[in-house]
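This report describes one sheet and the helices that accompany it. The structure is shown first.

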Amino acid sequence: MVQPRTLQIQAEKLNCAAPAPRDTVAPDFLMDDIHPQSRTLTVRLGFYKVGRMQFISHLDLQRFMKRAFVRSGLPIWFSEGFNPHPKMVFSTPLSIGIQSLCEFADTKMTSPVTPAQILDALNPCMPDELQLFYAAPPKMKMTDIGFARYEMHLHHPAVTKETGAAVAAELDAMYSAPLILSKRSKSGDKDTDISPFIRKTETVFDRETGNLHIRATLCADNANFLNPEYLIRAAAEKGLVFDDPMTAWYDIMRTEILCADGTTPFC
Amino acid sequence: MNIDQLLKSVSKPGRYTGGEIGQIIKDKADVRCRWAFCFPDTYEIGMSNLGIRLLYGALNREDGIWCERCFAPWTDMEEQMRRYDIPLWALESGDPLTAFDVVAFTLGYELSYSNVLYMLDLARIPLTHEERAAREAAGERMPIIIGGGCCTYNPEPLTDFFDLFSIGEGEEALPQLSRLYMEMKENGTYTREDFLHEAAKLGGFYVPSFYTVTYHDDGTISAVTKKYDDIPDRVTKCIIKNFDTSYFPESTFMPFIDTVQDRVMLEVYRGCPRGCRFCQAGMVYRPIREKSPDVLARQAKCLYENTGYEEISLSSLSISDYTRLTELTEELLSWTDDARVNLALPSLRADTFTKELMERISSVRTSTLTFAPEAGTQRLRDVINKNVTEEEILRACNVAFAAGKNQVKLYFMIGHPTETREDLDGIYDLSEHVVHEFYVNKRQDKQLGKPNKGGVQVTLSTAAFVPKPFTAFQWEKQDALDVTMEKQQYLRGIITDRKVKFNYHDAKVGRIEGVFARGDRKLCRALLEAHRRGVRFDAWEEFFSYETWMEIFSAVGVDPDFYTTRGFGEDEILPWDVIDCGVTKEFLLREKHKAYETKTTKNCMEACSACGADRLGGEQTWCNRELCKYRQKN
């Protein structure tokens, strides 16, 4: 259970907690793992997507990864339709502008490969800010996902040494009470109480940096998914508006994906 | 300033981040000549440009040179940059353009000219060469602004803004120019003037400030005088002599975000043997130079392995004219199918489109095939020297229909010289014949018990003809706006079959394009005024305003008719006479006269028409006897 060094470095750089170590040194994949009918092997990849890569959309990421697979020379499986392409299933949506240290995607291989082979072949084909830290046969189903943990840093002129602690407490109180926001859904925008989607928040004022530091655990299952941007939007009610990048900014990091029990790391 | 926060507020932030796989980062300590390669349109369009990929590679493989990329920021980013005082930067280093030695622009479309000024302004680089020279003389650091690309065959409307134009192919010329720059910087002989003077002497570089143009009272050119005796009267374009051994990037930058052309682009040959009389590309890229199939196959494999693209596009002006296409496609198909790589063959000609070729590209997913008859009657096709017959078009469509396609796109131009009502009627008649061909084909299929292929759709796209420099039609009158619009309406009126879909381009765009295509130095004023009025992204429908351009022309005293509906006299000094693209004026004039006699000219494969481009040299051309022998053998 060793966390890859690159992931540690990224977490330190982003000033947030690294995801819980997964069983990264999985045993070599065996032919037994290959599905008897489809003759394919499903592999779950764990990767981080930080820095500049936060601006690459989901669709663009899919296209990029597909080409990285081809460059890597790994025995990637192609769908057998009219338009053959590798298939990738991503765990949870990640909006543009949100970084993540903990992303998962499933794909298929046509012959046995070891996790080390996958990491060694694929990582050199990807930028430093998008790197795999995990590869193994899936232990859980994507539908087992229940929550995602986020860390956010907010820098705002209204947050000072004098006001910081009070603003932090105000935000926490707001996040734990009913909170009506216009939320986008399939049937259009509608006013929704987002508090049921917030499992926990913990907001502190970091005296050293002068930033607010929010740790939040939010619903991330298929039916109830809360985009962490809503917490930032709600902060506008407390005077924290981010419309001037000269003086005010925030970053959001997804640091963990958890199962429905809210504690077990997904993998 | 928090740049990430800024990026969160603009559309498609992936346009501005850089960091793509394949981008080149160099240590500034080792770099003595920094290039910012600018494309005057958005990232998605610029990243699709093969020229930028080629030149980026050709410059960066040289020691001491670092070439970076820069694209026109979209207007939401412009707003942010102006609000927060952020100068335009290059993607690789993030450094502002003022930190560069050379700022280069690719000029591929007349309507992108306003974006050149837009980008210079965002970069806070003085717009005119005069002001840059003055500021450098006063001790300020000033990049050299250089232009290249197909629009520089008539660079005159841009002469106030550029220090230098690179005429022709830049793969070898631009590194040579950089070496001159580094040498002069190092041995202390560099001054802006002396550098430009030396560059002008190299050949292939046009320094507009060294040429003075004077005009007659009627606005036509009376004389062009040179500042130095030792610079050429006419600047002859540079060409790559041997296309097999010339540089070709076997790896390239891979955009993260979706771009227009996101595939392997394999340039099979340069030039075109056809000699259509309206076509600029067919003239200015002569002489034709082919690459050998084995070289192409190796480069394709390499590019595929280095990129992972799922499609290889064989690009050239008319791919089915490549003499060794069978060899090449066989070589490629030996591995592309297994690798699930798709072969794309754009620019197919109807007369050389065969069943065999169709089968080779049957993996093409789209159900549409595109042909360009360009004109509706045989008479007019002979005038424009298209050399395609109706039988050939119908046969080609038949091949496509037999292979199960049921959509055909036909490209036409309206407004060709000598065009009559009959020619417009011919456009619709031809489309109807294609529809008929489909149903004949369908009936045969039915008798053979093949599956029903449904209905047919023929899309008829018409562009308005814009006369371009270095074509047989460079002297022609362009249709007036109301004439073009009337012709479009006429066509729309006669097309009653719902299986024929009619599209046409905005005639107003064609008119502005026409002004700048054959424009002279007087248009610099108009561009400057347009910039002052905030004109940019003219190539985008949502920003293009014909009315604004008309106001600008009248404000600066420029008559757009002078460049369009007037036509140019055969003995007139043309603004682009200062450029020599290989093809001679005598040849073009001969072609013009033949057009009016409805006489065609054979293509280069059948006979030499003595266009003059062969004097530029070049190997593996159709001008080359050895290859002719090769062709006879096969």
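## The sheet

In this predicted model, chain B contains an open sheet of four strands, ordered β15-β16-β17-β18, with parallel pairing. Its edges are β15 (368-374) and β18 (500-504) of chain B, each of which pairs on one side only. Ignoring direction, neighbouring strands of the sheet are turned against each other by 20° on average.

Within the sheet, strand β16 (residues 407-414) of chain B and strand β17 (residues 457-464) of chain B run parallel and are joined by eight bridges. One of the residues involved is B:I414, whose bridge partner in β17(B) is B:A464.

## Helices on the sheet

Helix α16 of chain B packs on the sheet, where it touches β16, β17 and β18 of chain B. The direction of α16(B) makes about 170° with that of β18(B).

Helix α14 (residues 390-402) of chain B lies across β15 and β16 of chain B. Relative to β15(B), α14(B) runs at about 180°.

## The α16-α17 crossing

Helix α16 (residues 481-494) of chain B also meets helix α17 (residues 507-517) of chain B: their axes come within 9 Å and cross at roughly 145°. The crossing of α16(B) and α17(B) is right-handed.

On the α16(B) side, the contact is made by B:L481, B:T484, B:M485 and B:Q488. On the α17(B) side, B:A507, B:K508, B:G510 and B:R511 take part. Sorted by class, the contact of α16(B) with α17(B) has three nonpolar, three polar and two charged residues.

Terms used:
Residues are numbered from 1 along each chain as its sequence is written. Chains are lettered from A and ligands numbered from 1 in the order in which they are written. This is a predicted model: local features need pLDDT of at least 70, side-chain atom pairs count only at pLDDT 80 or more; totals for chains, interfaces and linings use all residues. Axes are lines fitted to C-alpha atoms, for helices over the stretch in contact, and angles run from 0 to 180 degrees between N-to-C directions. Helices (H or I, at least four residues) and strands (E, at least two) are DSSP runs, numbered from the N terminus. A crossing is left-handed if the near helix is turned anticlockwise from the far one by less than a right angle, and right-handed if clockwise. Two residues are in contact if their C-beta atoms, placed from the backbone, lie within 7 Å. Ala, Val, Leu, Ile, Met, Phe, Trp, Tyr, Cys and Pro count as nonpolar, Asp, Glu, Lys and Arg as charged, and the others, Gly among them, as polar. Two strands pair if DSSP finds at least two bridges between them.
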